[in-house]
Amino acid sequence: PSAHDADALKQYVADELERSRRRSLDLTTGTLDDGELLAQHSRLMSPLVWDLAHIGNYEEQWLLREAAGGAALRPELDDVYDAFEHPRATRPTLPLLKPGEAGDYIGQVRRRVLDALDALTLDPGRELLDAGFVFGMVLQHEHQHDETMLATHQLRRGDPVFPATDDLPAPAALVRSAEVRVPAGPFTMGTSTDSWSLDNERPAHQVDVASYAIDTVPVSNAAYRAFVEAGGYDDERLWSPAGWRWRCESGKRAPAFWFREGGTWLRRRFARVEPLPDDEPVQHVCWFEADAYARWAGRRLPTEAEWEKAASWDPATGTKTRYPWGEDDPTEEHANLGQSRYHPVASGSFPAGASPSGALQMIGDVWEWTGSDFTGYPGFRSFPYREYSEVFFDQGYKVLRGGCWATDPLACRTTFRNWDHPIRRQIFSGFRTARGV
Ligand code: AVJ
Ligand code: FE
(Lines give C-alpha, C1' and ligand atoms only; values in the text may rest on other atoms or scores of the structure.)
(Ligands and ions follow the chains in the order given, each with its own letter.)
Protein backbone atom coordinates (compact mmCIF):
# COMPACT_ATOMS: atom_id res chain seq x y z
CA PRO A 1 0.00 0.00 0.00
CA SER A 2 1.22 3.47 -0.81
CA ALA A 3 -0.52 5.01 2.22
CA HIS A 4 1.74 6.50 4.91
CA ASP A 5 -0.39 7.87 7.69
CA ALA A 6 -2.79 5.74 9.70
CA ASP A 7 -6.04 7.24 8.42
CA ALA A 8 -4.93 7.03 4.81
CA LEU A 9 -3.98 3.38 5.34
CA LYS A 10 -7.42 2.61 6.79
CA GLN A 11 -9.11 4.37 3.90
CA TYR A 12 -6.97 2.42 1.44
CA VAL A 13 -7.92 -0.84 3.18
CA ALA A 14 -11.63 0.04 3.13
CA ASP A 15 -11.49 0.96 -0.56
CA GLU A 16 -9.65 -2.22 -1.46
CA LEU A 17 -12.09 -4.35 0.56
CA GLU A 18 -14.88 -2.79 -1.46
CA ARG A 19 -13.08 -3.31 -4.77
CA SER A 20 -12.28 -7.00 -4.14
CA ARG A 21 -15.87 -7.65 -2.99
CA ARG A 22 -17.31 -6.13 -6.15
CA ARG A 23 -15.06 -8.49 -8.10
CA SER A 24 -16.13 -11.56 -6.09
CA LEU A 25 -19.82 -10.76 -6.53
CA ASP A 26 -19.38 -10.06 -10.26
CA LEU A 27 -17.92 -13.55 -10.65
CA THR A 28 -20.76 -15.23 -8.76
CA THR A 29 -24.21 -13.90 -7.82
CA GLY A 30 -23.88 -11.01 -10.27
CA THR A 31 -23.39 -13.34 -13.24
CA LEU A 32 -24.74 -16.86 -12.75
CA ASP A 33 -28.01 -18.31 -11.48
CA ASP A 34 -28.26 -20.40 -8.29
CA GLY A 35 -28.10 -23.70 -10.16
CA GLU A 36 -24.79 -22.77 -11.77
CA LEU A 37 -23.39 -21.41 -8.51
CA LEU A 38 -24.19 -24.64 -6.66
CA ALA A 39 -23.04 -26.95 -9.49
CA GLN A 40 -19.66 -28.58 -9.63
CA HIS A 41 -18.31 -27.63 -13.05
CA SER A 42 -15.25 -29.85 -12.57
CA ARG A 43 -14.09 -32.20 -9.83
CA LEU A 44 -10.89 -30.13 -9.76
CA MET A 45 -12.82 -27.12 -8.50
CA SER A 46 -15.28 -26.13 -5.78
CA PRO A 47 -18.83 -25.02 -6.49
CA LEU A 48 -18.51 -21.23 -6.94
CA VAL A 49 -20.73 -20.64 -3.93
CA TRP A 50 -18.22 -22.52 -1.74
CA ASP A 51 -15.47 -20.07 -2.73
CA LEU A 52 -17.80 -17.14 -2.07
CA ALA A 53 -18.71 -18.15 1.48
CA HIS A 54 -15.15 -19.36 2.19
CA ILE A 55 -13.91 -15.84 1.40
CA GLY A 56 -16.29 -14.47 4.05
CA ASN A 57 -15.47 -17.18 6.59
CA TYR A 58 -11.72 -16.49 6.21
CA GLU A 59 -12.48 -12.80 6.75
CA GLU A 60 -14.56 -13.64 9.82
CA GLN A 61 -11.74 -15.70 11.31
CA TRP A 62 -8.86 -13.32 10.55
CA LEU A 63 -10.35 -9.84 10.62
CA LEU A 64 -13.39 -10.09 12.84
CA ARG A 65 -12.11 -12.57 15.45
CA GLU A 66 -8.29 -12.36 15.37
CA ALA A 67 -7.60 -8.76 14.38
CA ALA A 68 -10.60 -7.01 15.96
CA GLY A 69 -11.18 -9.47 18.83
CA GLY A 70 -14.87 -9.53 17.96
CA ALA A 71 -17.39 -12.23 18.81
CA ALA A 72 -17.77 -15.06 16.33
CA LEU A 73 -20.67 -14.57 13.92
CA ARG A 74 -21.19 -18.08 12.49
CA PRO A 75 -18.58 -20.40 14.11
CA GLU A 76 -20.52 -23.46 12.93
CA LEU A 77 -19.47 -22.56 9.36
CA ASP A 78 -15.74 -22.90 10.08
CA ASP A 79 -15.76 -26.63 9.33
CA VAL A 80 -17.74 -26.47 6.06
CA TYR A 81 -15.42 -23.82 4.65
CA ASP A 82 -12.17 -25.36 5.91
CA ALA A 83 -10.17 -26.19 2.78
CA PHE A 84 -8.09 -28.78 4.62
CA GLU A 85 -11.05 -30.72 6.02
CA HIS A 86 -12.83 -31.03 2.69
CA PRO A 87 -11.06 -31.62 -0.65
CA ARG A 88 -12.58 -29.78 -3.61
CA ALA A 89 -14.16 -32.92 -5.11
CA THR A 90 -16.29 -33.48 -2.00
CA ARG A 91 -17.47 -29.91 -1.44
CA PRO A 92 -20.77 -30.26 -3.38
CA THR A 93 -21.95 -32.76 -0.73
CA LEU A 94 -21.45 -30.30 2.15
CA PRO A 95 -24.36 -28.38 3.72
CA LEU A 96 -23.40 -25.23 1.79
CA LEU A 97 -25.08 -21.89 2.24
CA LYS A 98 -27.34 -21.13 -0.71
CA PRO A 99 -26.12 -18.24 -2.90
CA GLY A 100 -28.46 -15.71 -1.25
CA GLU A 101 -27.48 -16.89 2.22
CA ALA A 102 -23.79 -16.78 1.32
CA GLY A 103 -24.18 -13.21 0.04
CA ASP A 104 -25.96 -12.18 3.25
CA TYR A 105 -23.33 -13.88 5.42
CA ILE A 106 -20.30 -12.31 3.77
CA GLY A 107 -22.04 -8.93 3.80
CA GLN A 108 -22.67 -9.20 7.56
CA VAL A 109 -19.03 -10.11 8.19
CA ARG A 110 -17.95 -7.17 6.10
CA ARG A 111 -20.16 -4.64 7.94
CA ARG A 112 -18.77 -5.76 11.30
CA VAL A 113 -15.21 -5.61 9.98
CA LEU A 114 -15.65 -2.06 8.68
CA ASP A 115 -17.15 -1.00 12.02
CA ALA A 116 -14.19 -2.55 13.87
CA LEU A 117 -11.60 -1.04 11.53
CA ASP A 118 -12.25 2.45 12.88
CA ALA A 119 -11.16 1.49 16.38
CA LEU A 120 -8.09 -0.53 15.37
CA THR A 121 -4.50 0.67 15.57
CA LEU A 122 -2.47 -0.55 12.61
CA ASP A 123 0.85 -0.21 14.37
CA PRO A 124 3.96 -2.31 15.00
CA GLY A 125 2.80 -3.20 18.53
CA ARG A 126 0.93 -6.19 17.15
CA GLU A 127 2.67 -8.03 14.35
CA LEU A 128 -0.62 -9.14 12.82
CA LEU A 129 -1.77 -5.53 12.47
CA ASP A 130 1.57 -3.89 11.69
CA ALA A 131 1.11 -1.77 8.55
CA GLY A 132 -2.27 -3.46 8.11
CA PHE A 133 -0.67 -6.84 7.32
CA VAL A 134 -3.70 -9.01 8.15
CA PHE A 135 -5.91 -6.82 5.95
CA GLY A 136 -3.41 -7.28 3.14
CA MET A 137 -3.46 -11.03 3.71
CA VAL A 138 -7.27 -11.19 3.62
CA LEU A 139 -7.43 -8.96 0.53
CA GLN A 140 -4.92 -11.13 -1.30
CA HIS A 141 -6.86 -14.20 -0.21
CA GLU A 142 -10.08 -12.85 -1.73
CA HIS A 143 -8.34 -12.00 -5.01
CA GLN A 144 -6.69 -15.43 -5.10
CA HIS A 145 -10.07 -17.09 -4.77
CA ASP A 146 -11.46 -14.78 -7.46
CA GLU A 147 -8.74 -16.09 -9.76
CA THR A 148 -9.65 -19.65 -8.74
CA MET A 149 -13.28 -18.84 -9.59
CA LEU A 150 -12.14 -17.70 -13.04
CA ALA A 151 -10.51 -21.11 -13.51
CA THR A 152 -13.89 -22.65 -12.61
CA HIS A 153 -15.58 -20.35 -15.15
CA GLN A 154 -13.10 -21.55 -17.78
CA LEU A 155 -14.12 -25.18 -17.09
CA ARG A 156 -17.83 -24.41 -17.13
CA ARG A 157 -20.00 -25.04 -20.17
CA GLY A 158 -23.12 -23.05 -20.93
CA ASP A 159 -23.88 -19.61 -22.23
CA PRO A 160 -20.92 -17.22 -22.28
CA VAL A 161 -20.98 -14.59 -19.55
CA PHE A 162 -17.79 -12.67 -20.25
CA PRO A 163 -17.14 -10.36 -23.22
CA ALA A 164 -15.83 -12.09 -26.36
CA THR A 165 -13.44 -9.32 -27.27
CA ASP A 166 -11.94 -6.18 -25.86
CA ASP A 167 -10.30 -3.19 -27.43
CA LEU A 168 -7.71 -2.41 -24.82
CA PRO A 169 -4.41 -1.39 -26.40
CA ALA A 170 -1.36 -3.51 -25.62
CA PRO A 171 1.70 -1.63 -26.86
CA ALA A 172 4.10 -3.91 -28.78
CA ALA A 173 7.77 -3.96 -27.93
CA LEU A 174 10.65 -4.22 -30.37
CA VAL A 175 11.99 -7.63 -29.34
CA ARG A 176 15.66 -7.49 -30.27
CA SER A 177 16.61 -11.03 -29.34
CA ALA A 178 14.89 -14.21 -28.30
CA GLU A 179 16.74 -14.35 -25.00
CA VAL A 180 18.37 -11.97 -22.57
CA ARG A 181 21.58 -12.68 -20.67
CA VAL A 182 21.93 -12.23 -16.96
CA PRO A 183 25.52 -12.00 -15.68
CA ALA A 184 26.74 -14.22 -12.84
CA GLY A 185 26.65 -12.90 -9.30
CA PRO A 186 24.64 -12.68 -6.13
CA PHE A 187 21.26 -10.99 -5.88
CA THR A 188 18.71 -10.45 -3.14
CA MET A 189 15.92 -13.01 -3.31
CA GLY A 190 12.67 -12.49 -1.40
CA THR A 191 11.90 -9.57 0.89
CA SER A 192 12.06 -8.59 4.55
CA THR A 193 10.58 -5.13 4.06
CA ASP A 194 7.50 -5.43 1.82
CA SER A 195 4.83 -5.02 4.51
CA TRP A 196 2.11 -7.05 2.79
CA SER A 197 4.41 -9.82 1.58
CA LEU A 198 3.40 -13.29 2.75
CA ASP A 199 5.48 -15.57 4.94
CA ASN A 200 6.86 -17.67 2.06
CA GLU A 201 8.40 -14.56 0.40
CA ARG A 202 10.47 -13.89 3.52
CA PRO A 203 13.18 -13.28 4.54
CA ALA A 204 15.35 -11.49 1.97
CA HIS A 205 18.53 -13.50 1.43
CA GLN A 206 21.52 -13.43 -0.90
CA VAL A 207 21.62 -16.07 -3.63
CA ASP A 208 24.58 -16.55 -5.93
CA VAL A 209 23.41 -17.32 -9.45
CA ALA A 210 25.64 -18.53 -12.30
CA SER A 211 25.29 -16.70 -15.62
CA TYR A 212 22.31 -17.75 -17.69
CA ALA A 213 20.06 -16.68 -20.53
CA ILE A 214 16.27 -16.55 -20.25
CA ASP A 215 13.60 -16.10 -22.94
CA THR A 216 12.75 -12.45 -23.51
CA VAL A 217 9.04 -13.34 -23.68
CA PRO A 218 6.77 -16.20 -22.61
CA VAL A 219 6.54 -19.20 -24.99
CA SER A 220 3.75 -18.47 -27.49
CA ASN A 221 0.94 -20.68 -28.78
CA ALA A 222 2.69 -20.87 -32.17
CA ALA A 223 5.96 -22.01 -30.59
CA TYR A 224 4.17 -24.58 -28.43
CA ARG A 225 2.12 -25.81 -31.41
CA ALA A 226 5.40 -26.51 -33.23
CA PHE A 227 6.33 -28.84 -30.36
CA VAL A 228 2.93 -30.56 -30.57
CA GLU A 229 3.16 -30.94 -34.35
CA ALA A 230 6.76 -32.21 -34.15
CA GLY A 231 5.47 -35.16 -32.13
CA GLY A 232 6.71 -33.89 -28.78
CA TYR A 233 3.97 -35.76 -26.93
CA ASP A 234 5.10 -39.06 -28.46
CA ASP A 235 8.80 -38.78 -27.75
CA GLU A 236 9.55 -40.28 -24.35
CA ARG A 237 13.10 -38.86 -24.36
CA LEU A 238 11.72 -35.35 -23.93
CA TRP A 239 9.82 -36.14 -20.74
CA SER A 240 10.85 -36.67 -17.16
CA PRO A 241 9.93 -40.19 -15.93
CA ALA A 242 7.00 -38.80 -13.90
CA GLY A 243 6.03 -36.58 -16.83
CA TRP A 244 5.96 -39.54 -19.22
CA ARG A 245 3.76 -41.46 -16.77
CA TRP A 246 1.39 -38.46 -16.66
CA ARG A 247 1.42 -38.25 -20.47
CA CYS A 248 0.58 -41.96 -20.84
CA GLU A 249 -2.04 -42.14 -18.12
CA SER A 250 -3.78 -38.90 -19.08
CA GLY A 251 -3.59 -39.45 -22.85
CA LYS A 252 -3.11 -35.69 -23.30
CA ARG A 253 -1.67 -34.50 -26.61
CA ALA A 254 -2.04 -30.72 -26.36
CA PRO A 255 -2.70 -28.00 -23.77
CA ALA A 256 -6.06 -28.01 -22.03
CA PHE A 257 -8.90 -26.51 -24.10
CA TRP A 258 -7.05 -26.91 -27.42
CA PHE A 259 -8.57 -29.02 -30.15
CA ARG A 260 -8.19 -29.52 -33.89
CA GLU A 261 -10.89 -29.29 -36.51
CA GLY A 262 -9.74 -30.15 -40.01
CA GLY A 263 -6.31 -28.61 -40.16
CA THR A 264 -7.15 -25.75 -37.82
CA TRP A 265 -6.29 -25.42 -34.16
CA LEU A 266 -9.08 -23.98 -32.02
CA ARG A 267 -9.48 -23.37 -28.35
CA ARG A 268 -12.37 -23.07 -25.95
CA ARG A 269 -12.20 -19.93 -23.84
CA PHE A 270 -14.95 -19.05 -21.36
CA ALA A 271 -17.66 -20.99 -23.19
CA ARG A 272 -16.68 -19.78 -26.67
CA VAL A 273 -14.70 -21.51 -29.39
CA GLU A 274 -12.20 -19.40 -31.29
CA PRO A 275 -9.11 -19.81 -33.47
CA LEU A 276 -5.94 -20.32 -31.47
CA PRO A 277 -4.12 -16.96 -31.48
CA ASP A 278 -0.53 -17.61 -32.60
CA ASP A 279 1.21 -14.88 -30.68
CA GLU A 280 -0.46 -15.18 -27.28
CA PRO A 281 1.55 -16.89 -24.55
CA VAL A 282 0.51 -20.53 -24.26
CA GLN A 283 -1.61 -21.18 -21.16
CA HIS A 284 -3.18 -24.22 -19.50
CA VAL A 285 -0.04 -26.34 -19.68
CA CYS A 286 1.11 -28.38 -16.70
CA TRP A 287 4.65 -28.44 -15.35
CA PHE A 288 5.39 -31.73 -17.12
CA GLU A 289 4.44 -30.23 -20.48
CA ALA A 290 6.52 -27.09 -19.87
CA ASP A 291 9.48 -29.24 -18.86
CA ALA A 292 9.18 -31.44 -21.98
CA TYR A 293 8.86 -28.43 -24.29
CA ALA A 294 11.99 -26.90 -22.79
CA ARG A 295 13.97 -30.10 -23.40
CA TRP A 296 12.69 -30.21 -26.99
CA ALA A 297 13.94 -26.64 -27.44
CA GLY A 298 17.37 -27.66 -26.10
CA ARG A 299 16.73 -25.64 -22.96
CA ARG A 300 15.28 -26.00 -19.45
CA LEU A 301 12.90 -24.19 -17.14
CA PRO A 302 14.48 -21.33 -15.16
CA THR A 303 14.99 -21.90 -11.48
CA GLU A 304 12.96 -19.74 -9.17
CA ALA A 305 16.08 -17.70 -8.35
CA GLU A 306 16.83 -17.19 -12.05
CA TRP A 307 13.25 -16.07 -12.65
CA GLU A 308 13.30 -13.56 -9.79
CA LYS A 309 16.74 -12.21 -10.66
CA ALA A 310 15.74 -11.60 -14.28
CA ALA A 311 12.52 -9.92 -13.12
CA SER A 312 13.71 -7.74 -10.27
CA TRP A 313 17.48 -7.22 -10.20
CA ASP A 314 19.46 -4.44 -11.81
CA PRO A 315 23.04 -5.74 -12.12
CA ALA A 316 24.29 -2.26 -13.05
CA THR A 317 23.21 -0.72 -9.75
CA GLY A 318 22.85 -3.81 -7.55
CA THR A 319 19.27 -2.93 -6.64
CA LYS A 320 16.08 -4.93 -6.44
CA THR A 321 12.64 -3.58 -7.31
CA ARG A 322 9.10 -4.69 -6.50
CA TYR A 323 8.21 -4.81 -10.19
CA PRO A 324 10.38 -5.32 -13.27
CA TRP A 325 9.96 -1.65 -14.19
CA GLY A 326 10.63 -0.25 -10.73
CA GLU A 327 8.56 0.61 -7.68
CA ASP A 328 5.51 2.24 -9.30
CA ASP A 329 2.20 0.41 -9.07
CA PRO A 330 1.26 -1.41 -12.29
CA THR A 331 -0.70 0.45 -14.98
CA GLU A 332 -2.10 -0.63 -18.36
CA GLU A 333 1.27 0.41 -19.84
CA HIS A 334 3.23 -2.09 -17.75
CA ALA A 335 1.41 -5.39 -17.68
CA ASN A 336 -1.75 -7.37 -18.38
CA LEU A 337 -3.09 -7.87 -14.85
CA GLY A 338 -6.32 -7.57 -12.92
CA GLN A 339 -8.81 -9.22 -15.28
CA SER A 340 -9.08 -6.14 -17.46
CA ARG A 341 -9.06 -8.68 -20.31
CA TYR A 342 -10.00 -12.35 -20.17
CA HIS A 343 -6.86 -13.61 -21.92
CA PRO A 344 -3.11 -13.04 -22.16
CA VAL A 345 -1.86 -10.60 -24.80
CA ALA A 346 0.77 -11.17 -27.47
CA SER A 347 4.22 -12.23 -26.32
CA GLY A 348 6.37 -9.14 -26.87
CA SER A 349 3.95 -6.56 -25.47
CA PHE A 350 4.47 -3.84 -22.83
CA PRO A 351 7.87 -2.27 -23.52
CA ALA A 352 7.32 -0.05 -20.45
CA GLY A 353 7.14 -3.19 -18.32
CA ALA A 354 10.60 -4.50 -19.26
CA SER A 355 12.95 -5.58 -16.48
CA PRO A 356 16.51 -4.22 -16.22
CA SER A 357 17.76 -7.39 -17.94
CA GLY A 358 15.37 -6.72 -20.84
CA ALA A 359 12.82 -9.47 -20.16
CA LEU A 360 9.19 -8.64 -21.01
CA GLN A 361 5.91 -9.71 -19.39
CA MET A 362 7.55 -11.16 -16.30
CA ILE A 363 4.50 -9.79 -14.48
CA GLY A 364 1.02 -10.59 -15.81
CA ASP A 365 -0.31 -12.54 -18.84
CA VAL A 366 0.46 -16.10 -17.66
CA TRP A 367 1.80 -17.66 -14.48
CA GLU A 368 5.22 -19.05 -15.31
CA TRP A 369 6.28 -22.50 -14.18
CA THR A 370 9.79 -22.60 -12.77
CA GLY A 371 12.00 -25.66 -12.34
CA SER A 372 11.94 -25.28 -8.54
CA ASP A 373 10.12 -27.17 -5.82
CA PHE A 374 8.16 -25.11 -3.30
CA THR A 375 10.12 -24.90 -0.07
CA GLY A 376 10.93 -22.37 2.65
CA TYR A 377 13.69 -19.81 2.28
CA PRO A 378 16.61 -19.96 4.75
CA GLY A 379 15.31 -18.43 7.99
CA PHE A 380 11.64 -19.00 7.05
CA ARG A 381 9.16 -18.42 9.86
CA SER A 382 5.55 -19.42 9.49
CA PHE A 383 3.22 -16.41 9.89
CA PRO A 384 0.45 -16.13 10.84
CA TYR A 385 -0.48 -19.80 10.40
CA ARG A 386 1.25 -22.96 9.17
CA GLU A 387 -1.44 -23.84 6.66
CA TYR A 388 -0.81 -20.76 4.54
CA SER A 389 2.54 -22.04 3.23
CA GLU A 390 4.55 -24.31 5.46
CA VAL A 391 2.43 -27.44 5.17
CA PHE A 392 2.97 -27.31 1.39
CA PHE A 393 6.77 -27.21 1.57
CA ASP A 394 8.65 -30.20 0.14
CA GLN A 395 5.45 -31.96 -0.89
CA GLY A 396 6.21 -32.06 -4.63
CA TYR A 397 4.61 -28.70 -5.50
CA LYS A 398 6.30 -26.63 -8.21
CA VAL A 399 6.65 -22.86 -7.99
CA LEU A 400 4.97 -20.50 -10.46
CA ARG A 401 5.89 -16.83 -10.70
CA GLY A 402 4.74 -13.52 -12.10
CA GLY A 403 0.95 -13.61 -11.91
CA CYS A 404 -1.35 -13.77 -14.93
CA TRP A 405 -4.00 -11.65 -16.66
CA ALA A 406 -6.47 -12.67 -13.92
CA THR A 407 -4.21 -11.78 -10.99
CA ASP A 408 -5.06 -8.59 -9.20
CA PRO A 409 -2.17 -6.10 -8.90
CA LEU A 410 -2.65 -6.23 -5.13
CA ALA A 411 -1.69 -9.92 -5.19
CA CYS A 412 1.30 -9.65 -7.54
CA ARG A 413 4.95 -8.58 -7.27
CA THR A 414 8.33 -10.00 -8.27
CA THR A 415 8.75 -11.75 -4.90
CA PHE A 416 5.29 -13.38 -4.93
CA ARG A 417 5.33 -17.20 -5.00
CA ASN A 418 2.53 -19.41 -6.24
CA TRP A 419 2.63 -23.20 -6.25
CA ASP A 420 0.71 -26.16 -7.61
CA HIS A 421 1.00 -29.85 -8.40
CA PRO A 422 3.03 -30.53 -11.57
CA ILE A 423 -0.06 -32.12 -13.23
CA ARG A 424 -2.31 -29.07 -12.85
CA ARG A 425 -3.31 -27.13 -15.95
CA GLN A 426 -6.74 -25.63 -15.28
CA ILE A 427 -4.82 -22.66 -13.86
CA PHE A 428 -3.62 -19.85 -16.17
CA SER A 429 -0.16 -21.32 -16.44
CA GLY A 430 2.48 -20.87 -19.12
CA PHE A 431 6.27 -20.61 -18.97
CA ARG A 432 9.47 -19.32 -20.50
CA THR A 433 12.71 -21.29 -20.91
CA ALA A 434 16.33 -20.69 -19.94
CA ARG A 435 19.84 -22.12 -20.35
CA GLY A 436 23.15 -21.79 -18.58
CA VAL A 437 25.79 -19.79 -20.50
C1 AVJ B 1 -1.28 -19.63 -3.16
C2 AVJ B 1 -2.91 -19.91 -4.86
C3 AVJ B 1 -1.72 -21.81 -4.01
O4 AVJ B 1 -5.39 -21.09 -3.81
O5 AVJ B 1 -4.51 -22.79 -2.80
C6 AVJ B 1 -6.21 -19.70 -0.91
C7 AVJ B 1 -3.90 -19.48 -1.97
N8 AVJ B 1 -4.54 -20.07 0.40
N9 AVJ B 1 -6.68 -19.99 0.31
C10 AVJ B 1 -4.50 -21.60 -3.09
C11 AVJ B 1 -4.86 -19.75 -0.85
C12 AVJ B 1 -5.67 -20.24 1.11
C13 AVJ B 1 -3.35 -20.75 -2.57
N14 AVJ B 1 -2.32 -20.52 -3.65
FE1 FE C 1 -8.71 -19.98 0.86
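**Entry 1: a ring pair in H6**

I started in helix H6 (residues 221-229), where Tyr 224 and Phe 227 sit three residues apart, so about one helical turn separates them. A reminder to myself before going on: this is a predicted model.

How do the rings of Tyr 224 and Phe 227 meet? I found an edge-to-face pair, with 5.3 Å from centre to centre and 65 degrees between the planes. I kept the cut-off at hand: planes over 60 degrees apart count as edge-to-face, which is why 65 degrees earns that label.

Next I asked whether Tyr 224 is buried or exposed. Tyr 224 has a relative accessibility of 0%, so I wrote it down as buried. Phe 227 is buried as well, and its relative accessible area is 0%.

**Entry 2: a ring pair between S10 and a loop**

I then looked at Trp 367 and Phe 416, whose ring centres are 6.0 Å apart. Their planes make an angle of 45 degrees, so I noted this pair as tilted.

Where do the two residues lie? Trp 367 belongs to strand S10 (residues 367-373), while Phe 416 is in the loop between strand S11 (398-401) and strand S12 (418-420). The pair therefore ties together parts that are 49 residues apart in sequence.

I checked burial here too. Trp 367 comes out buried, with 3% relative accessible area, and Phe 416 is buried at 5%. For the wider picture I ran the search over the whole structure, and it finds 38 aromatic pairs.

**Entry 3: the sheet that H6 lies across**

Back to H6, to see what it rests against. I found that H6 lies across S5 and S6, and that it runs at about 70 degrees to S5.

What is the strand order of this sheet? I read it as S5-S6-S7, an open sheet of three strands with antiparallel pairing. Strand S5 (258-261) and strand S7 (272-275) are at the edges; each has a single partner strand, so one side of each has no neighbour in the sheet. The twist from one strand to the next averages 35 degrees.

I looked at the S5 pairing more closely. S5 and strand S6 (residues 264-269) run antiparallel and are joined by four bridges. Within that pairing, Trp 258 stands opposite Arg 267 in S6.

**Entry 4: the sheet that H9 lies across**

I turned to another open sheet, also of three strands, with the order S1-S4-S14 and antiparallel pairing. Which strands stand at its edges? They are strand S1 (179-182) and strand S14 (434-436); with a single partner strand each, they are left with one side lacking a neighbour in the sheet. Ignoring direction, neighbouring strands here are turned by 20 degrees against each other on average.

S1 pairs with strand S4 (residues 212-215) in the antiparallel sense, over four bridges. I picked out Val 182, and its bridge partner in S4 is Tyr 212. Helix H9 (residues 304-312) lies across S1, S4 and S14, and I noted its direction as about 75 degrees to S4.

**Entry 5: the annotated domain**

I looked up the record for this stretch. The unreviewed UniProt entry places "domain: Sulfatase-modifying factor enzyme-like" at residues 178-435. In the model, the chain over residues 178-435 is 15% helix and 21% strand. I also took the distance between the end C-alpha atoms of that stretch, which is 12 Å.

**Entry 6: three histidines from the record**

Which residues does UniProt mark as "binding site"? The unreviewed entry gives His 54, His 141 and His 145. They are spread over 92 residues of sequence, yet they cluster in space, with a largest C-alpha distance of 10.1 Å. His 54, His 141 and His 145 are included in the lining of the largest pocket.

I followed His 54 into helix H3 (residues 48-67). His 54 is buried, with a relative accessible area of 7%. Setting aside neighbours within four places in sequence, His 54 is in contact with Tyr 81, His 141 and His 145.

His 141 I found in helix H5 (residues 133-155). His 141 counts as buried at 7% relative accessibility; the cut-off I used is under 20%. Leaving out neighbours within four places in sequence, the contacts of His 141 are His 54, Ile 55 and Tyr 58.

Notes: Residues numbered from 1 in each chain as written. Chains lettered and ligands numbered in written order. Predicted model: local features only at pLDDT ≥ 70, side-chain atom pairs only at ≥ 80, totals over all residues. Heavy atoms only, no water. Pairing = 2+ DSSP bridges. Axes fitted to C-alpha atoms, helices over the stretch in contact; angles between N-to-C directions. Contact = heavy atoms within 4.5 Å. UniProt positions renumbered as here; feature names shortened; annotations may be inferred. 1 Å grid on protein atoms, 1.4 Å probe; cavity = no way out; pocket = protein on both sides within 12 Å on 5 of 7 lines; lining within 4 Å. Buried < 20%, exposed > 50% of the residue type's maximum accessible area, 1.4 Å probe, protein only. Phe/Tyr/Trp six-rings, centres within 6.5 Å; stacked < 30°, edge-to-face > 60°.
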